[in-house]
Amino acid sequence: MQRNYRIALLTAGERWVQQKRIADFHLRGIFHAIEVVERKTETEFRKFCTKHDIAPDICWVIGDSKRSDIDPAIKAGLHAIWVPHENWHRVEGTIEPNADAYTAVQKLEDVLSILEADPVDFRPAWRPEITCYGIFEGGGARGLAHVGALKACEERNIKFAGVAGTSAGSIIAGLIAVGYLHRIEH
């Protein structure tokens, strides 16, 4: 049995920095609620749950910091999934997992199976009306990366109004220009 969840983001730090990160985050549209706080604490988690009518006993917090995500969430009565990250290891040191208090996973993809949640499409959303100019960089083997980028453009129905490129990028631009991919808008 799969479950559907509402997804919310509670992030901490300097407001302007966090707001910029959120504005630039291509997945911001999947969140039902987003809030920035100075510091994530037990009180902040409780306030967030109250404000958004969330029952803590059926809510899961997913985080990579034991101190600022997992511990305060557990104290607020929420369930927690810890996705350890090497950056936090430098700050927090070695942390012994406590299997009774939270669930630890090695990668974010494991979270969906633990929660028995429906898959989430993490690819950026596309709109069929996107028309753009393609500028393809050179660099030998780096030119192969253009193939993957073009495949993604084709999957998202992105059309090129014009193309340009240098070195390996000019080969790709040339193929597009002569209609190889049939994506140039005339």
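A residue is called buried under 20% relative accessible area, exposed over 50%, and partly exposed in between, using a 1.4 Å probe and protein chains only. The tour below relies on this scale throughout.

**Before selecting anything**

The structure is a predicted model, in which local features need pLDDT of at least 70 and side-chain atom pairs count only at pLDDT 80 or more, while totals for chains, interfaces and linings use all residues. Residues are numbered from 1 along each chain as its sequence is written, and side-chain values use heavy atoms, with hydrogens and water left out.

**The whole chain**

Display the protein chain as a cartoon. It has 7 helices and 7 strands; helices (H or I, at least four residues) and strands (E, at least two) are DSSP runs, numbered from the N terminus. Along the sequence, these elements follow the pattern β-α-β-α-β-α-β-α-β-α-β-α-β-α. Of the 186 residues, 29% are buried. Contact here means heavy atoms within 4.5 Å. Among contacts with a separation of 6 or more, 59% are between residues 24 or more positions apart.

Switching to a surface view shows about 12400 Å² exposed by the chain, of which carbon and sulfur atoms supply 55%. Accessible areas come from the Shrake-Rupley method with a 1.4 Å probe, and for residues only the protein chains shown count as cover.

**Stop 1: the three-stranded sheet**

Select strands 3, 4 and 5. They form an open sheet in the order 3-4-5, with parallel pairing. The edges are strand 3 (60–63) and strand 5 (103–104), each of which pairs on one side only. Two strands pair if DSSP finds at least two bridges between them. Strand 4 (residues 79–82) is joined to strand 5 in the parallel sense over 2 bridges. To see one of the bridge partnerships, show Ile81 together with Thr103 in strand 5.

Next, add helix 3 (residues 66–75), which packs on the sheet and touches strand 3 and strand 4. Its direction makes about 160° with that of strand 4. Axes are lines fitted to C-alpha atoms, for helices over the stretch in contact, and angles run from 0 to 180 degrees between N-to-C directions.

**Stop 2: salt bridges**

A search of the whole structure finds 6 salt bridges. A salt bridge is a side-chain nitrogen of Lys or Arg within 4 Å of a carboxyl oxygen of Asp or Glu. Three of these can be visited in turn.

- Select Lys20 and Asp24, whose side chains meet at 2.5 Å, N to O. Both residues lie in helix 1 (residues 15–24), 4 residues apart, about one turn of the helix. Asp24 counts as exposed, at 52% relative accessibility, and Lys20 as partly exposed, with 48%.
- Select Lys40 and Asp69, which form a salt bridge at 2.3 Å, N to O. This pair links distant parts of the chain, 29 residues apart: Lys40 is in the loop between strand 2 (33–37) and helix 2, and Asp69 is in helix 3. Both Lys40 and Asp69 are buried.
- Select Glu44 and Lys47, which meet at 3.6 Å, N to O. They are separated by about one helical turn, because they are 3 residues apart in helix 2.

**Stop 3: two residues with positive phi**

Most residues other than glycine have a negative phi. Select Asp53, in the loop between helix 2 (42–51) and strand 3. Its phi is near 55°, a positive value, and the residue is exposed, with a relative accessible area of 70%.

Then move to Ser167, in the loop between strand 7 (159–165) and helix 7. Ser167 has a positive phi of about 50° although it is not a glycine. Ser167 counts as exposed, at 51% relative accessibility.

**Stop 4: a nonpolar patch**

Select Ile171, Leu175, Val178 and Tyr180, which make a nonpolar surface patch of about 450 Å². Patches are made of residues with over 30% relative accessible area and no salt bridge: like charges are joined within 9 Å, and nonpolar side chains (Val, Leu, Ile, Met, Phe, Trp, Tyr) within 5 Å. Leu175 lies in helix 7 (residues 168–177) and counts as partly exposed, at 35% relative accessibility.

**Stop 5: Arg28**

Finally, select Arg28, in the loop between helix 1 and strand 2. Arg28 is partly exposed, with a relative accessible area of 41%. Leaving aside neighbours within four places in sequence, Arg28 is in contact with Ile22, Ala23 and Ile34. Ala8 is 20 residues from Arg28 in sequence and 9.6 Å away in space, C-alpha to C-alpha.
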